[in-house]
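Visitor: I should like a close look at a single part of this structure and at its surroundings. Please take one helix and describe how its buried face is packed.

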Amino acid sequence: MHRPNSTTILVANEQSFSRRIIRSVVTGLGRVAECRTGFEVIEQAEQLRPNLIILGYNLAGLDGLEVTQLLRRAQGGLQYTPIIMISGLPTRTAVLGAVTAGVHEYVARPFSMKTLRARAEAVLAMPRPFLRTRVYFGPIPRAKMVRSEVLGRVGESAMASMICGVHHGRADERQCPLGLNCLCKDYVRPTQQAEIVGL
């Protein structure tokens, strides 16, 4: 499903050294564009429509959380852009804050190049379904503990709707055009409406 020739990765970090390292990590996964500030991320994301954004938490103008929140409120498909956040804050509060904002992955520094590469490859190759509730819009967190922390009990009363990670329409394993290759099936029980399940 991932095609490097038609993939654009936007790398946002204030430090040119960090941008060079991240660029070297994702080389071969797609065309790489770079920017320094949070405002540049929004501007370039609108122009380039990247397939993946890798951004630092500390950005000038808008920080990584603010950028993520703005992108999740965007329109025209931009709101589904996968986001990997890199931060020097490995605390539980920081991770939950980033996940609540709508990031796909949170990578704490110092990180290995192998770890970041694996996360980027997974995000590009295996799109996760999105969930919309009254208080949250973003990819469904993979970790069961994080799901329960961020989402609580999600059901009809929370007006939850699952959105396919590939087609960006309502996620429904029973009617998915991907059939056996449906990427939402690990998150949806076909017998119940949009219920979050353990992986």
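Guide: Contact here means heavy atoms within 4.5 Å. The model is a predicted one, and the part chosen is helix α2, residues 38-48. In α2, the buried residues are Gly38, Val41, Ile42, Gln44 and Ala45. An α-helix has 3.6 residues a turn, so residues three or four places apart point the same way. The buried residues of α2 pack against three strands, β1, β2 and β3, and against helix α3.

Val41 merits particular attention. Leaving aside its neighbours within four places in sequence, Val41 is in contact with Leu10, Ala12, Cys35, Ile53, Leu59 and Val67. The largest nonpolar core has 23 residues, and Val41 is among those that touch the most other members, together with Ile53, Leu55, Val67, Leu71 and Met85. Two or more residues of this core come from each of β1, β2, α2, β3, α3, β4 and α4. Apart from it lies another core, of 16 residues, which includes Val25, Val26, Ile86 and Val107. Beyond the end of α2 comes Arg49, with a positive phi near 50°.

The strands against which α2 packs belong to an open sheet of 5 strands, ordered β2-β1-β3-β4-β5 and paired in parallel. β2 (31-35) and β5 (105-108) stand at the edges with a single partner strand each, so one side of each has no neighbour in the sheet. On average, and ignoring direction, neighbouring strands of the sheet are turned by 20° against each other. At the β5 edge, strand β4 (residues 83-87) is joined to β5 by 4 bridges, and the two run parallel; Ser87 has Ala108 in β5 as its bridge partner. Helix α1 (residues 16-26) also lies across strands of this sheet, namely β1, β2, β3 and β4, and runs at about 165° to β2.

Helix α3, the helical partner of α2's buried residues, has a further contact with a helix. α3 (residues 64-72) packs with α4 (residues 92-101) at an angle of about 20°, their axes lying 9 Å apart. Angles under 35 degrees count as roughly parallel, and α3 and α4 are therefore roughly parallel to each other. On the α3 side the contact involves Leu65, Thr68, Gln69 and Arg72, which meet Gly97, Ala98 and Ala101 of α4. By class, this contact has 3 nonpolar, 3 polar and 1 charged residues.

Key: Residues numbered from 1 in each chain as written. Predicted model: local features only at pLDDT ≥ 70, side-chain atom pairs only at ≥ 80, totals over all residues. Heavy atoms only, no water. Axes fitted to C-alpha atoms, helices over the stretch in contact; angles between N-to-C directions. Parallel < 35°, antiparallel > 145°, perpendicular 65-115°, else oblique. Nonpolar A, V, L, I, M, F, W, Y, C, P; charged D, E, K, R; others polar. Pairing = 2+ DSSP bridges. Core = buried A, V, L, I, M, F, W, Y, C linked by side-chain atoms within 4.5 Å. Buried < 20%, exposed > 50% of the residue type's maximum accessible area, 1.4 Å probe, protein only.
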